[in-house]
Amino acid sequence: MSTLDRARCSLKAHPLALDAAIAAGVLVCMIAGSFVTPRGDNGVTWGIRTPDPLSLLLMLLAAATLVFRRRVPKTVLAVTGALSVIECVTGDPRAPVAMSAVIALYTVAASTDRTTTWRVGLLTMTVLTAAAMLGGPLPWYAQENIGVLAWTGIGATAGDAVRSRRAVVQAIRERAERAERTREEEARRRVAEERLRIARDLHDVVAHHIALVNVQAGVAAHVMDKRPDQAKEALAHVREASRSALDELRATVGLLRQSGDPEAPTEPAPGLSRLDELAGTFRSAGLPVEVARADQGAELPAAVDLAAYRIVQEALTNVQKHAGPEARAEVSVVRVGTDIEVTVLDNGAGAAGRPGAGGGHGLLGMRERVTALGGTLTTGPRYGGGFRVHAILPLKTRTTAPGEPV
């Protein structure tokens, strides 16, 4: 940082010292101007004169008042204006005390609104010019009187221009800060949504496959001694389910990798094209599942396809875990207009012990998925026993706007 920059920063940090320096400079200019006379016997000439003691006193008082121009600008303008009026009426030849009033008027214009600037500026110009023209020893049309009018107008105009520029700069700065805050909030919102989506995927994957592993491991332990062939088959299903869980976990966690990490798996996300395979894993775990589809081979958006698959997966997992050993499940996927309706029914233990009633996150995760796509989810016990999960997913999805419920 250069010496000039350091001095500028120091003055900005100490505004009273800056105002004192400005007041001293104005005092020097007024005193220097008081020794010069712009008129003579043969027209406009320049000469040297000695200022009156009263003029020197008025200049000193006006300069001292300017030290406080930032704290009480209107009071400083009133004092310097009064001192200037006294000099206009009594001074002969006149000293430039009005210079202090011009600086004070500039300060008022730079620190207030435009309406106040117009009112105060016109009042100051009128009073000082009238005092100079009517009360002074010079003719009303003298150039010194016209100079008072011109300089007060320049002071008000310059102050208003500085105020307008500051307002524009402040507006630009606030707009930039607001845009930066908006970008940060949008980034945080997207991160939160992505975390929620990954958490739902992890829950669905883990809950589904661990439930299958638990069932098959129980079967293997039960028939290990009497029917080793069936135990081997169950253990094979355990191995297959665990391998599938690891693959899906690897694919999901791969989304969290950084740019320098090893390449994540690129296999596509599961969808309804794997619905029969999903149902087969539950059948192998001992849950009879019937699948009916009437979606006419509709090409689904990736988000809808994944959500439909996860809903069926979570619903069947809940049936496997909570509906009892004699439960059966029915899955239907139907296209109705511009929507895909996914329904999972079972004839098990109804709502008793289901995750929605016991504080689990299965039904909550399904509801979040459906709501994020602009669809609806209905869950509850069936008449006569069992449980029903019904989701309506629009084929044309919409993105949830900031501030809307998800």
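Two strands count as paired if DSSP finds at least two bridges between them. The exercises below apply this to a predicted model.

**Exercise 1. Work out the strand order of the open sheet and find which strands stand at its edges.**

Step 1. The open sheet has five strands, and reading across it gives the order β3-β4-β5-β7-β6, with mixed pairing.

Step 2. At the edges stand β3, residues 289-294, and β6, residues 376-381; each has a single partner strand, so one side of each is left without a neighbour in the sheet.

Step 3. Direction ignored, neighbouring strands of this sheet are turned against each other by 10° on average.

**Exercise 2. Follow the pairing from β3 through β4 and β5 to β7, stating for each pair whether the strands run parallel or antiparallel.**

Step 1. Begin with β3 and β4, which pair in the parallel sense over six bridges. Here Ala 292 stands opposite Ser 332 in β4.

Step 2. Move on to β4 (residues 329-336) and β5 (residues 339-346), which run antiparallel and are joined by eight bridges. Three residue pairs can be followed on the model: Ala 329 stands opposite Asp 346 in β5, Val 331 has Val 344 as its bridge partner, and Arg 335 has Ile 340 as its bridge partner.

Step 3. Look next at the hairpin of β4 and β5, where two residues lie between the strands and Gly 337 takes a positive phi near 65°.

Step 4. Finish with β5 and β7, which pair in the antiparallel sense, again over eight bridges. The bridge partner of Asp 339 in β7 is Pro 394.

Step 5. As for the covering of β5, six of its eight residues are buried, and the strand is therefore described as mostly covered.

**Exercise 3. Describe the surroundings of Glu 290, and decide whether this residue is buried, partly exposed or exposed.**

Step 1. Locate Glu 290 in strand β3.

Step 2. Its relative accessibility is 46%, and because the partly exposed class lies between the cut-offs of 20% and 50%, Glu 290 counts as partly exposed.

Step 3. Once neighbours within four places in sequence are left aside, Glu 290 is in contact with Arg 283, Arg 328, Ala 329, Glu 330 and Val 331.

Step 4. Glu 290 and Ser 332 are 42 residues apart along the chain, while their C-alpha atoms are separated by 8.4 Å.

**Exercise 4. Identify the strands that helices α9 and α10 lie across.**

Step 1. Helix α9, made of residues 275-284, lies across β3 and β4 and runs at about 165° to β3.

Step 2. Helix α10 lies across β3, β4, β5 and β7, the last of these being residues 387-394, and runs at about 175° to β7.

**Exercise 5. Characterise how α10 packs with α12, and then do likewise for α4 with α5.**

Step 1. Two packed helices are described by the angle between their axes and by the distance between the axes.

Step 2. For helix α10 (residues 302-322) and helix α12 (residues 362-372), the axes come within 10 Å and cross at roughly 165°. Because angles over 145 degrees count as roughly antiparallel, α10 and α12 are roughly antiparallel to each other. Their crossing is left-handed.

Step 3. The residues of α10 that meet α12 are Leu 306, Ala 307, Arg 310, Ile 311, Glu 314, Ala 315 and Asn 318, and their counterparts in α12 are Gly 362, Leu 363, Met 366, Arg 369 and Val 370. Sorted by class, this contact has seven nonpolar, two polar and three charged residues.

Step 4. For helix α4 (residues 73-90) and helix α5 (residues 98-111), the axes come within 8 Å and cross at roughly 160°. By the cut-off used in Step 2, α4 and α5 are therefore roughly antiparallel to each other. The crossing in which α4 passes α5 is left-handed.

Step 5. Residues making this contact include Val 76, Leu 77 and Thr 80 of α4, together with Ala 101, Ala 104 and Leu 105 of α5. The residues of the contact of α4 with α5 divide into eight nonpolar, six polar and one charged.

Technical notes
Residues numbered from 1 in each chain as written. Predicted model: local features only at pLDDT ≥ 70, side-chain atom pairs only at ≥ 80, totals over all residues. Heavy atoms only, no water. Axes fitted to C-alpha atoms, helices over the stretch in contact; angles between N-to-C directions. Helix = DSSP H or I, 4+ residues; strand = E, 2+ residues; numbered from the N terminus. Parallel < 35°, antiparallel > 145°, perpendicular 65-115°, else oblique. Left-handed = near helix turned anticlockwise from the far one by under 90°. Contact = heavy atoms within 4.5 Å. Nonpolar A, V, L, I, M, F, W, Y, C, P; charged D, E, K, R; others polar. Buried < 20%, exposed > 50% of the residue type's maximum accessible area, 1.4 Å probe, protein only.
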